[in-house]
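Reader: Could you take me through one part of this model in some detail? I would love to hear about the backbone and the loops as well as the helices.

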Amino acid sequence: MKQTIEYGIIGLGRFGMALAMALANNGKEVLVIDNNESKIKDIRDFVEEALVVDHLTKESLIEAGIQNCQTVIVCIGQQIDKSILVTLNVISMGVPRVIAKAISEDQGFVLKKIGAEVVYPEKDMACRLANRLLYSTLSDFIELDENIAIFEVIVTEILIGKKILEASLRQQYHLNIIAVRHDHETTVEFTPDYVFQTGDKLYVVGKKSDIKRFETYLGY
């Protein structure tokens, strides 16, 4: 592995996998770590380095090379104690930027206190960057670097009644949906057959230029 690498992702759930694929598809160097050998096998051909790490101790993370990453995203929010410990260990290694996924305000509070940026993909993506840019129809986004971000997109009539598969976001706009919000509830457990409804919000990851193209398609 190279001495430095742009992104490290710890945990390959739906959120982590979508991030890894979006970053890799946009030419970014990505190191991914997970304890699931099948998930690592699925993504190995797309990223710079993919490693099976059974126990996320500080020693095993150092051995994997996570300290050489410029940005690390910890995507293991469901296991709160592990999420906090792993995040703390990554921060203590001197990684310049550490982003951690949280599933509750309490967990997010602790993660912020130890020095991480926090995202809430299963809740409402209520995380804003101090230097957020203005996009006319995007109510929020989280910037991963100068080109790639996680966006909240409001569904318009052009998508209502269509299935996710029919919308072809990945094929046409190189965007990955990581969560869908409807009636004040957000889920990451959706299928390609999900039909867009009035009031839906989508949380997608991809290039800012691609989200602008998608915004134009939505008719804003």
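Author: Happy to! Let us start with H174, which sits in the loop between α7 and β9 (176–182). Keep in mind that this is a predicted model. The phi of H174 is near 60 degrees, a positive value in a residue other than glycine. As for its surroundings, H174 has a relative accessible area of 43%, so H174 is partly exposed.

On the other side of α7 there is S168, in the loop between α6 (164–167) and α7 (169–173). S168, also not a glycine, has a positive phi, near 55 degrees. S168 counts as buried because its relative accessibility is 15%, and the cut-off for buried is under 20%.

Further along the chain comes helix α8, residues 208–218, with K208, D210, I211, F214, E215 and L218 as its buried residues. Those residues lie on the same side of α8 because they cover an arc of only 155 degrees around the axis. In general, an α-helix has 3.6 residues a turn, so residues three or four places apart point the same way. After α8 comes G219, and the phi of G219 is positive too, near 90 degrees.

For a look at helix packing, turn to α4 (residues 80–92) and α5 (residues 105–113), whose axes are 10 Å apart and meet at an angle of about 15 degrees. That angle makes α4 roughly parallel to α5, and their crossing is right-handed. On the α4 side the contact is made by I80, S83, I84 and T87, and on the α5 side by Q107, V110 and L111. Of these contact residues, four are nonpolar, three are polar and none is charged.

Note on methods:
Residues numbered from 1 in each chain as written. Predicted model: local features only at pLDDT ≥ 70, side-chain atom pairs only at ≥ 80, totals over all residues. Heavy atoms only, no water. Buried < 20%, exposed > 50% of the residue type's maximum accessible area, 1.4 Å probe, protein only. Helix = DSSP H or I, 4+ residues; strand = E, 2+ residues; numbered from the N terminus. Arc of directions from axis to C-beta. Axes fitted to C-alpha atoms, helices over the stretch in contact; angles between N-to-C directions. Parallel < 35°, antiparallel > 145°, perpendicular 65-115°, else oblique. Left-handed = near helix turned anticlockwise from the far one by under 90°. Contact = heavy atoms within 4.5 Å. Nonpolar A, V, L, I, M, F, W, Y, C, P; charged D, E, K, R; others polar.
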